Structures are given as C-alpha cells and as structure tokens.
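Thanks for making the time this morning. I would like to walk through one structure with you, going from a loop to the sheet and then out to the surface.

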Amino acid sequence: MIHGLKVDHLTDGVIRRSKRMILDSLGVGFLGTGTEVFHKVTQYSKIYSSNNSSTVWGRPDFRLPPTYAAFVNGVAVHSMDFDDTWHPATHPSGAVLPVLTALSEALPQTPKYSGLDLLLAFNVGIEVQGRLMHFSKEAKDIPKRFHPPSVVGTLGSAAAASKFLGLSLTKCREALAIAVSHAGAPIANAATQTKPLHIGNAAKHGMEATFLAMLGLQGNKQILDLGSGFGAFYANYSPKALPSLGSHIWLLDQQDVAFKSFPAHLATHWVADAAAAVRKHLVFSERALLPTDHIEKIVLRIPDVQYVNRPFPDSEHEARHSFQYVACATLLDGSVTVPSFNSQQINRPQVRELLKKVELEHPPDNLPSFNTLYCEISITLKDGTTFTERSDTFYGHWRKPLSQEDLQKKFQANASKTLSRDTVERLITVIENLEDLEDCSALTTLLKGPSVQEEASQLPGMFSFPHTASPRLTNI
C-alpha cells in the first residue's frame, strides 16, 4: 500500500481534511516552541550536527540534522496536548508532518518536492496508523497501557518517509520492520514533560528506520503479522489482508479527526462542555457567579480513565490530564483557554477549594471510547438544589467539526505567538492551496520564522495556477 498509492488515489475529501490537520499541527507546534519541554529538547539536540540540516519551526537561526529537527518539532506539536486526535485513539499528525517538512529541505530533489508529494506522503503516514489500529479491538478504547502515537506513530513516520523518498516495496517493508523495534512508550508518563517526547521520538525513529532500510538493514518481513511482532503492543491483534489499490478507500475519508479548542486531553473537552452548560444555572445578575461556598458537591459522571483522574493537579501537565481541574476552571471562568494551565491559575485558592468538592462516578454505559463517551455533571448546592447537564458531543469533535473559519482563528492565535501576522496569513494561503504548490520550499521557508519575510514575498510565483488569497481574519 505504501509503495503503490499514487497522487491519483487522493480524494477531494482526504485532501481537504488533511490540509486542516496540517494547518492545526503547525499552529500548535509554533505555540509549543515557547514551552519548557521544547526548550529542554532543543538544548539537548544541539549536540548533534550534520552536513544536511532542517528547520526548527519558528527558529530562523537554528537548524538541526533532519532526524533531530523532526524530533524537536514533533515535541512542539504535542508539548501542550493541543494536537488533533483520531479514532481509534491516537494523535496522528504530529509524528508525520515534522518528518516531511524536515526531509523536504534536507534532501534536495530534482524536480523539487511538490505540495502533492507532501500530501500523498502525509496521508500514507496517517493511513498506516489507522489500518494498524483497526486490526485490534483494544485500539478503539482510550489507552490503558501505552501511548498509541509512540507505537503507530512510529510506523506512520516510517511509512510517510518511505513514500516521500520513493523507497521500493522491499525497502518499505524493511523500514516498517525496523520501526517496530523503535516503537512503544508507557502511558504512565502521561501528564509529565516526557509525554511530548513520545511524538518527537515517533517522528525521529520512523525516519531513522527509513534511513537504515535504505542502507540495507533488514528486519522480520512478517513482523506485522505476528503476535510476537506488532501484535505485542495490542491485545486481540488480528491483521487482515488489505483491499487492492484499485478499490482503496482512505480511512480519513470515513473517519475525521477531532480538533481541540483548548490544550488538554480530549476526554476533558466533554467535561468542559457540560460544565459550561451547568454554569449558566449558577450565574446571577450582572453575570455574577454564585459564591463557591454555596456549592456542596460536584459530581462528574465520566468513563473510568485513570490517567485523567487527577483530583489535585500540581503542574500544567497534570492539569491537562485532570477531569476535576477542567471542570472547576470552567465553572469559575466560563471557559478553558491556553493560560488556564499556568501555575498561577492552577493554584488559585478558589480552584483548590472547588477541587475538594468534586466526586467521580463511572456509569457502566459510559465506555472509554472517544467515539461514544459522554460527561454528565451535577452540582448540588448547600440548600439541596441540584442542577444537572450533559454533553454527548463537544464542538471540535468529528461529529461537530470546527468550521474552517474557527480552525483558522485557532491557527492565527497559536502561530502569532511566534510569527508575524504577514507570515501567519501567508502560511494559511500556502496550506489552503497546498495541492497546487510546485515547490515545498515555499512552505519550509515560512516555517523558519520572523526573519524570512522578504524571502516569503516571492511566494506567489511558486504556485502553478493564478490563486486567490484566502479571506483574512483580522481579529484574533
């Protein structure tokens, strides 16, 4: 499948959805370059050098060997848990996109890599992740043992790199076999600074597996078929033969991704939605909120997901993985935003007081799946009054997708922390017209950051058609 899929196999729906994933991933990646974990991994990566180098997003004067550029950019994408989420459960884009932007400039090609080359390789990397997860029932649930991007993301990275570099069928097989031995990270490191490394390592290790396959390194050719191979990661793993290329249907055509409106574990978005609804019962004249000491208890009816059950989070990463914190922050503030996870916000006395009143219940029908879970919240006041609200689907979920305008607003808000407004708008235009881009250097030039504005002014000539700029969103 990796070797045989061609540009002609791409559908309009897959192109449209994947461009949205690329735009969102770049935006959260630019925002992530300001995080502490990104700073630590870039400091570490400076010890490596190479004659070939690639852009670190938003850092015009800092380049790394392509594997380490993919690593740090992948970390940036997941550093705040703000990236896309798919079903079965994984973050599909962060392990793939940094690989392709790194390769497109580190390994010059004649003719140049085009936007369609990038879109095809990106979608092959996404498709491989989805196909592998569909071979296991366990993959359909929120993970309990390991973080899925560290497993399927590593193979998606290898698949995308293999496609982009034009590997033969035999070497594609070897790249996947090698990648399996690079895969895996335990879920116990969720809610820590190490979790973003799962995405960065998946990008880096998949690219390394591809390079090793190109050099002739060999692995077990049946590794994807064996319980002692890829099946070691998933219970009830049962691989099936794929359909012929002539009848290929992209999983992304059948299943869209979810885009987050705030940077936290996806399951907390149902909690925020329900909490915002019940908050309306607690607001009095002039939008004044009922004093928190009037609240007796808060009950959250949610799935049993232990690593998002954190009654008293002590760090931003724990707060991003806390049903309780997201509920309390929403009740106090009306919404959850990027600054909601600053330590000053987490440690507010009102927050700590509310957290003491939160109880969790796990109804047997509320299963730990991003496709079916719900959140019901009940708030009981000290006078005995109880208000209850429920969220079955939040805005941004694949059943209620973000509009293109709101996705662009999210990108603008995130990318503008690092890039000039002009560069942000140019990136929106480039990605919106990515299938018509003749040379990916037009994209990677913009990814460098502020000092490339003059080079970017030459972008209109990079397209193979007289394009029209996308509508500008002036208020972020």
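Let me begin with Asn-236, which sits in the loop between α8 (195-214) and α9 (251-254). Please keep in mind throughout that this is a predicted model. Is Asn-236 buried, exposed or partly exposed? Its relative accessibility is 48%, and because exposed would require over 50%, Asn-236 counts as partly exposed. If you then look for Pro-349, which is 113 residues away from Asn-236 along the chain, you will find that the C-alpha atoms of the two are separated by 47 Å.

Now to the sheet, which is open, has 4 strands in the order β4-β3-β5-β6, and shows mixed pairing. At its edges stand β4 and β6 (386-391), each of which has a single partner strand, so one side of each is left without a neighbour in the sheet. Direction ignored, neighbouring strands of this sheet are turned by 15° against each other on average.

Let me take the pairings one at a time, starting from β3 (residues 295-301). This strand is joined to β4 (residues 358-361) by 4 bridges, and the two run parallel; within that pairing, Leu-300 has Leu-360 in β4 as its bridge partner. Towards β5 (residues 375-381), β3 has 6 bridges, and here the strands run antiparallel, with Ile-295 standing opposite Leu-381 in β5. The pairing of β5 with β6 is likewise made through 6 bridges and is antiparallel, and there Ile-379 has Phe-387 in β6 as its bridge partner.

How many of the 7 residues of β3 are buried? The count is 5, so β3 is largely enclosed by the rest of the structure. As a general reminder, side chains in a regular strand alternate between the two faces of the sheet.

Turning to a helix, α5 (residues 115-133) has 19 residues and reaches 27 Å from its first C-alpha to its last, which is close to the 27 Å expected at 1.5 Å a residue. This helix is also mostly covered, in that 17 of the 19 residues of α5 are buried.

I will finish at the surface, where Tyr-44, Ile-47 and Tyr-48 make a nonpolar patch of about 300 Å². Of these, Ile-47 is placed in the loop between α2 (36-45) and β1 (54-56), and because its relative accessibility is 61%, Ile-47 counts as exposed.

Definitions and conventions: Residues numbered from 1 in each chain as written. Predicted model: local features only at pLDDT ≥ 70, side-chain atom pairs only at ≥ 80, totals over all residues. Heavy atoms only, no water. Patch = residues over 30% accessible without salt bridge, like charges linked within 9 Å, V, L, I, M, F, W, Y side chains within 5 Å. Areas by Shrake-Rupley, 256 points an atom, 1.4 Å probe, with all protein chains shown as cover. Salt bridge = Lys/Arg side-chain N within 4 Å of Asp/Glu carboxyl O. Buried < 20%, exposed > 50% of the residue type's maximum accessible area, 1.4 Å probe, protein only. Expected span 1.5 Å × (residues − 1). Pairing = 2+ DSSP bridges. Axes fitted to C-alpha atoms, helices over the stretch in contact; angles between N-to-C directions.
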